[in-house]
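Here is a set of questions about how some labels for a protein chain are reached. Each answer puts a value beside its cut-off.

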Amino acid sequence: MSTEQRLLDTEPVHEAVPGPDQAAKETLEDYTLRFAPRSYRRWSPTVVATTALGGIAYMADFSIGAGIGLAHGTGNALLAIAVAAVVIFVTGFPLAYYGARYNIDLDLITRGSGFGYFGSVLTSVIFASFTFIFFALEGSIMAQGLELGLGMPLWLGYLVSTLMVIPLVIYGMKALSKLQVWTTPIWLLLMVGPLVYLVAADPGTVDRFMGYAGTDGDGGVDSASVMLGAGVCLSLIAQIGEQIDYLRFMPPKTEANKRSWWAAVIMAGPGWVVLGALKQAIGVFLAVYILAEVGPAAAPEPIQQFKGAFDAMMPSWLVVPLAVVLVVISQIKINVTNAYSGSLAWTNSFTRVTGRYPGRMVFVLVNLGFALTLMEADMFSFLNSLLGFYSNCAIAWVVTVATDIMVNKYLLKLSPHAPEFRRGMLHAVNPVGVVAFVAASGLSIAMYFHALGDALQPYSPVAAAVIAFVLTPLTAVATKGRYYLRRTDDGIDEPLLDTDGNPSAATYRCHVCRQEFERLDVAACHAHDAVVCSLCLSTDRFGDHVLPAAPAAG
């Protein structure tokens, strides 16, 4: 048995104490609302990266690429895919680094990177929307496969694809890591094999692919078409949040593991988009390949694409079963991630707003309910329009947080360098991120709906990115960074970070739930001369344990 497998099969140990708070016990499985402690993070960088990359095995990329290619032609589609990939990589890098270095998810990063404790509820809802939109998309693709392979009605296929992930997503990181590690090789073989065979057996397919002009174009490169296509691709920019949901379990970065640590963070963080862009390009290729046989309405369906590819290389009796297996594996791999990450986002938002923690499984079911509703409404038929609209909000959020980290933290030094997410340490709302996000998303959505003229409509994703990038540092300068921290001192003498710059492993007992937590996850409680954990602070509806405000630095 490998070292990685032994780690996966070993349960984390928590000290048993009499009568601990139920919310604290439930969040110890996957650290729903909090920092992921060193005692839990026993996976190697390789296992964490493999698990994170397993979550991008979705089939939506093939549909997205096909839709863009069929509408605008291969040349415009490939340029659109490349433009979006560069933006996603550049903005995803600082977010992935922060999540892996400080072991916090994107919501906790967002709180301390310009939005404030309650301000980031806005972006949590945006991220939760991302997860159920893409769950619905993947569920629709699986239902198409079940209809083709088993004759199952679409409505029943939607229900099956929704219900089957519930048992898998209950158990958090341990179950997901096993699932992703063992299914990834099979998925890669089934995805790449047909493409290699088609190109080798008939090189003319490449010429037909490159020469395809699209239904809306003449074969030439058009900037408006490129931007429209890039806008659809950029709806995937929020995928970095799901990658960070895994990367937060990275081990501490040390001199001994720094090469493997960096490789894992880059590959499984912003590097996910390299494989994503490749899948989108393959989607264009396969759609053009099967277009004459199935027509433009069915060509964007991955089940049809891979059925056509498998049909060229193997016996007919094996074609449909193998295509269905590929679709089902892909759907399970991504939708357990969508359900898991969505439940974290909803739980974060609800607990902060209400001070109550109902349990993550409640929001697994809520997220699945939204997704099933979209599927039954046939969201696949208006996919590109939905994603084009959504991308404006996602771009505004991710670019705002990435700019705060890169510019406000490291260049201007107006945003505190050390991560902060605890209630009492942050202001309720920070205008730096909220103003930039609202302005960027609002103006870009107006452009998307032609409010500023037809000529500007294709450039709404560009507007979202540029406005967020410009307003984030301008607002920080205008406010002199006063709204980042409510306090600079959390009342505990022990430093937050160790000598390697990793979160300290020193532990403290929360006097409310009486569980042990590591340094970054606790703050002093002056009212009781004790220490309280971040979750108990979140669920403190009367503010009994929250530190009083104090002047912030700067």
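The questions below concern a predicted model.

Q: What is the chain made of, in helices and strands?
A: The chain has 22 helices and four strands. It is 554 residues long, and 60% of them count as buried.

Q: How do you know how much confidence the predictor has in the chain?
A: The pLDDT averages 84 over the chain, and 89% of the residues score at least 70, on a scale from 0 to 100. Among the elements, helix α21 (residues 460-479) has the highest mean, 96, and helix α1 (residues 3-8) the lowest, 32. The pLDDT is below 50 over residues 1-29, although this stretch has 59 contacts in the model beyond near neighbours in sequence. Where pLDDT is low, the predicted coordinates should not be read in detail.

Q: Why is arginine 352 called buried?
A: Buried means under 20% relative accessible area. Arginine 352 has 3%, so it counts as buried. This residue is in helix α17 (residues 316-354).

Q: What makes the pairs of arginine 352 with aspartate 107 and serine 120 polar contacts?
A: A polar contact needs N or O atoms within 3.5 Å, one able to donate a hydrogen and the other to accept it. The side chain of arginine 352 makes such a contact with the side chain of aspartate 107 at 2.9 Å, and another with the side chain of serine 120 at 2.5 Å. Both distances are therefore within the 3.5 Å limit.

Q: Which residues is arginine 352 in contact with, leaving aside neighbours within four places in sequence?
A: They are Asp107, Arg111, Tyr117, Phe118, Ser120, Val121 and Ser124. Contact here means heavy atoms within 4.5 Å.

Q: Why is valine 90 called partly exposed?
A: Partly exposed lies between the cut-offs for buried, under 20%, and exposed, over 50%. Valine 90 has 46% relative accessibility, so it counts as partly exposed. It lies in helix α5.

Q: What makes valine 90 eligible for a nonpolar patch?
A: A patch residue must have over 30% relative accessible area and no salt bridge, and nonpolar side chains are joined within 5 Å. Valine 90, at 46%, therefore passes the area cut-off. Val90 forms the patch with Val86, Phe89, Phe93, Ile266 and Met406, and together they have about 450 Å² of accessible area.

Q: Which helix gives the most to the nonpolar patch?
A: Helix α5 (residues 74-102) does, with four residues.

Technical notes: Residues numbered from 1 in each chain as written. Predicted model: local features only at pLDDT ≥ 70, side-chain atom pairs only at ≥ 80, totals over all residues. Heavy atoms only, no water. Patch = residues over 30% accessible without salt bridge, like charges linked within 9 Å, V, L, I, M, F, W, Y side chains within 5 Å. Areas by Shrake-Rupley, 256 points an atom, 1.4 Å probe, with all protein chains shown as cover. Salt bridge = Lys/Arg side-chain N within 4 Å of Asp/Glu carboxyl O. Helix = DSSP H or I, 4+ residues; strand = E, 2+ residues; numbered from the N terminus. Buried < 20%, exposed > 50% of the residue type's maximum accessible area, 1.4 Å probe, protein only.
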